[in-house]
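Let's take a walk through this structure together. We'll begin with a single residue, then move on to sheets, a helix and a core.

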Amino acid sequence: MSDITESITRTGMDVESIKRDISNHLRFTLACDEHSASDWDIYKSVVLSVRDRLHDKWLKTQQGYYRDDSKRVYYISMEFLIGRLLDNAVINLGIMDETREALESMGLDYDQIRETEQDAALGNGGLGRLAACFLDSMATLGIAGYGYGIRYDYGIFHQQIVNGYQVEQPDNWLQYGFPWDRPRAKLVRRVKFHGRSVPYTDEKGDLRFRWVDTQDVFALAHDMPVPGYKNEVVNNLRLWKATSTTSLDLSRFNQGDYIEAVRDMELHENISRILYPNDKIFVGQELRLKQEYFLVSATLQDIMERFKKSNSDLRKLPEKVAVQCNDTHPNLAIPEMMRILMDEEGLDWDTSWDITTKTMAYTNHTILPEALERWPVSLVRSLLPRHLQIIYEINKRFLNTVHDKFGDDLSRVRRMSIISEGEQPSVQMANLGIVGSHKVNGVAQLHSELIVKTIFRDFYELWPEKFTNKTNGITPRRWLKQCNPKLAGLINDKIGDGWVNALYELKELDKYAEDKVFVKAFAGIKKENKKRLAEYVEKTLGIRLNVDSIFDIQIKRIHEYKRQLMAALHTVVLYNRIKANPDAPFQPRTVLFAGKAAPGYSMAKMHIKLINSIADVINNDPEVGDKLKCVFLPDYSVSLAERLIPSADLSEQISTAGMEASGTGNMKFALNGAITIGTLDGANIEIREEVGDENIFIFGLTVDEIERLRKEGYNPWDYLNASKELKQAFEQIRDGYFSPENPGLFHSITNAITDGGDYFMVCADFEAYADTQKDVEALYKKPQEWFKKAIYNTARIGKFSSDRTIYEYATEIWGCEIDKSGEKAKKRLAKK
């Protein structure tokens, strides 16, 4: 009877069961009482209580997948930017109110407890956040989905701003442990490196290869539950931690050689030490490649073992397994699967290749040729000698196919070859991904069109059927219900809560866009969110914001193509307008930036310094007052985004046309009632199609216009000289107005414009950008009109749910069932 009572307590969804479980974990698991418990202890006891409920559903879900022999989807990604998990878990379990009430009855504040949680440092930017949204949607749609990644000891870095400069500090996110995952101490995979490939003849007389004399490392599994939204499904995210196959060298230790005694252990464990080591140096490159193979090797061993539990015929693998490679990083899965099937399972080349290509799919995330991953052949030969053999054989057979199709077109052959030519040949991972996959997708309609016209044109002409588009999406559970609960509540009051897993239902809000009572409530919630953000900024940075100003926000990775520089220049122009005529009417504006620059990207780091230098001048000028503020918020994260996005009036999506694959920040802002100012780039185009031309601020050159301008000969001086305001701002930056102690400080930035040809077209687009910003200000002075358009953005953004994206992957790439028949999901996701 006690076992039954304990089960009810640990799985019960009522207030009393949750309260009892929290108290029990605090006392019996953590050995704390009300006198000794810290905030972290209380937070952890709450997590353990929630995890009990997740684990019960987790086990039932996995048992169901085995019972039904479900087709499984494996999403392999170097990043999973999952953010904080407590809110997400209790929302998806449907126990947010019960958890709050249970804590309140114990004299505890849920909101205070949730602030104890630190973001999991398992990703950096959009790639990792997309992966996290996709896992949420796979679980919500009932897909037998598994995420696979690396459990990094340290995230990319903590960003501090010191004298305006980005300073990187270790992100020791595991300092106090991570209560959400469960180490599987007995579940380890052996991963091999180096060694040599030795040929031999098997008993049938066929040539085979053994990979011998390797240096090995263990991959230890850590499992994390991923709950679907109120559907009893809990999927799995498995993260691999590198551990040494050798223990402490006791003889050396006893001789006093302490460093050498642990040297091998440290080198092995470095593989999962840090996200994205600096690959500007060779040792960093080697470690990065080790990470990628470590991930795919351990994962494919897992996949094969799980498949064999229910199936004995390896030729049926594509019927039961789908592998999605999130960007080029996991594309080593292609030669690794070939190695397993041939060298370990004894299959012939043709059968192995047929299985591999039918199982693998590859998502491309960039159109920039320089961003496509390449590995020196010399490095691959040293680290993965057997895989290089396989890659060369794949390439040889592939180029025969190219020759059969296109004849002796040597330039085409060079472009399409997996192995690049030259003094230092390299393995081109994107080409490998295309050749070894049955589907290749872009992540927005424009992006998918551009890759087949440009970087992958030759491949498209060979295999047009391989290429498809899957426009990115975001999970509405985190990006509205969780991060903007008051707006979610207002929506629920009007149309119910069906939108949470059927985002197209927000279209029902259209009819309230001119309802004065609804508009007032909508505007009031926006104002409250701005006040909360203003309190946070004042507390953390000591800067007081005007909540009646336009909150103009650009948050994303710092990169030249994303053009934070253009927004900074415009901020200087606004400042100059105030200084030129302090008594003139001026629409107050707060310009907020956040984002990290890669440690080795000196130009992006200088942009951060410039923004902070501009902010120092503007924010300390008494003549400006609260008319204009410029703020750079340090250490951008998912949790910081959850503060910023609900408070935004204006969403800056101003990348150079043709360079942003998709973007998902644009979707999050629009969902939360911000209006976009943006170029016709990435998903902005599709957002405009959905919300309507009149409800978005579009400016700037198109992809075709940029290409034409480059061919005609683009001269940024033509645009500088044509715009008095732009030239003045440019010269102020160049001549030291914002850096009087070092007048030449920003010459690298200004020289990139004038001497470097302004590759990212900042000057060419600036005048259109500034004029469009005037339109923004004019509209903001008409609150009823502004919020009508803001409501239309929220109402019409339903297409951009990650549920829709995952449904398309599942039905058009993975070939797997959703909700058994798929009819329920199809109805739920159908556009109204």
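Start with Thr243, which is buried at a relative accessible area of 18%; here, buried means under 20% relative accessible area, exposed means over 50%, and partly exposed is what lies in between, using a 1.4 Å probe and protein chains only. Thr243 sits in strand 9, residues 234-244. Helices (H or I, at least four residues) and strands (E, at least two) are DSSP runs, numbered from the N terminus. Leaving out residues up to four places away in sequence, Thr243 touches Val217, Phe218, Leu220, His268 and Glu269, where contact means heavy atoms within 4.5 Å.

Before going further, a quick word on what you're looking at. This is a predicted model, so local features need pLDDT of at least 70 and side-chain atom pairs count only at pLDDT 80 or more, while totals for chains, interfaces and linings use all residues. Residues are numbered from 1 along each chain as its sequence is written, and side-chain values use heavy atoms, with hydrogens and water left out.

Now for the sheet around strand 9. It's an open sheet of nine strands with mixed pairing, in the order 5-8-9-2-1-10-11-14-15; two strands pair if DSSP finds at least two bridges between them. At its edges are strand 5 (182-193) and strand 15 (467-469), each pairing on one side only. From one strand to the next, the twist averages 25°. At one end of the order, strand 14 (residues 439-442) runs parallel to strand 15, and three bridges join them. Asn441, for instance, has Thr468 in strand 15 as its bridge partner. Look also for helix 14 (residues 349-359), which lies across strand 10 (321-326) and strand 11 (360-363) and runs at about 40° to strand 11. Such angles run from 0 to 180 degrees between N-to-C directions, with axes fitted as lines to C-alpha atoms, for helices over the stretch in contact.

There's another open sheet to find, this one with six strands in the order 18-17-16-19-20-21 and parallel pairing. Strand 18 (628-633) and strand 21 (697-698) stand at the edges with a single partner strand each, so one side of each has no neighbour in the sheet. Helix 25 (residues 602-619) lies across strand 17 (589-594) and strand 18, at about 145° to strand 18.

Strand 19 in this sheet deserves a closer look. Is it covered on its faces? Put better: which residues lie on its two sides? Leu650 and Glu652 are on one side, Ser651 and Gln653 on the other, and all of them are buried. In a regular strand, side chains alternate between the two faces of the sheet. Strand 19 pairs in the parallel sense with strand 20 (residues 675-678) over four bridges, and with strand 16 (residues 550-555) over two. Leu650 has Ile675 in strand 20 as a bridge partner, and Asp552 also stands opposite Leu650. Further along, Gln653 is matched with Gly678 in strand 20.

Just ahead of that strand comes Asp649, in the loop between helix 26 (638-644) and strand 19 (650-653). Asp649 counts as buried, at 1% relative accessibility. Its side chain makes a polar contact of 2.7 Å with that of Lys530 and another of 3.5 Å with that of Tyr780. A polar contact is a pair of N or O atoms within 3.5 Å; within protein, one must be able to donate a hydrogen and the other to accept it, and residues adjacent in sequence count only if both atoms are side-chain atoms.

Next, helix 22 (residues 485-495), where Leu487, Ala488, Leu490, Ile491 and Ile495 are buried. They cover an arc of only 160° around the axis, which puts them on the same side of helix 22; the arc is that of the directions from the helix axis to the C-beta atoms. The face turned away from the buried side carries the exposed Pro485 and Asp493. The buried residues pack against helix 21 (476-482), helix 23 (516-541), helix 27 (665-671) and helix 34 (783-795). After helix 22 comes Gly496, with a positive phi near 85°.Last, the largest nonpolar core has 271 residues, and those with the most contacts inside it are Ile82, Ile143, Trp180, Phe294 and Trp814. Such a core is a set of buried Ala, Val, Leu, Ile, Met, Phe, Trp, Tyr and Cys residues joined through side-chain atoms within 4.5 Å. Its largest share, eleven residues, comes from helix 11 (residues 282-310).
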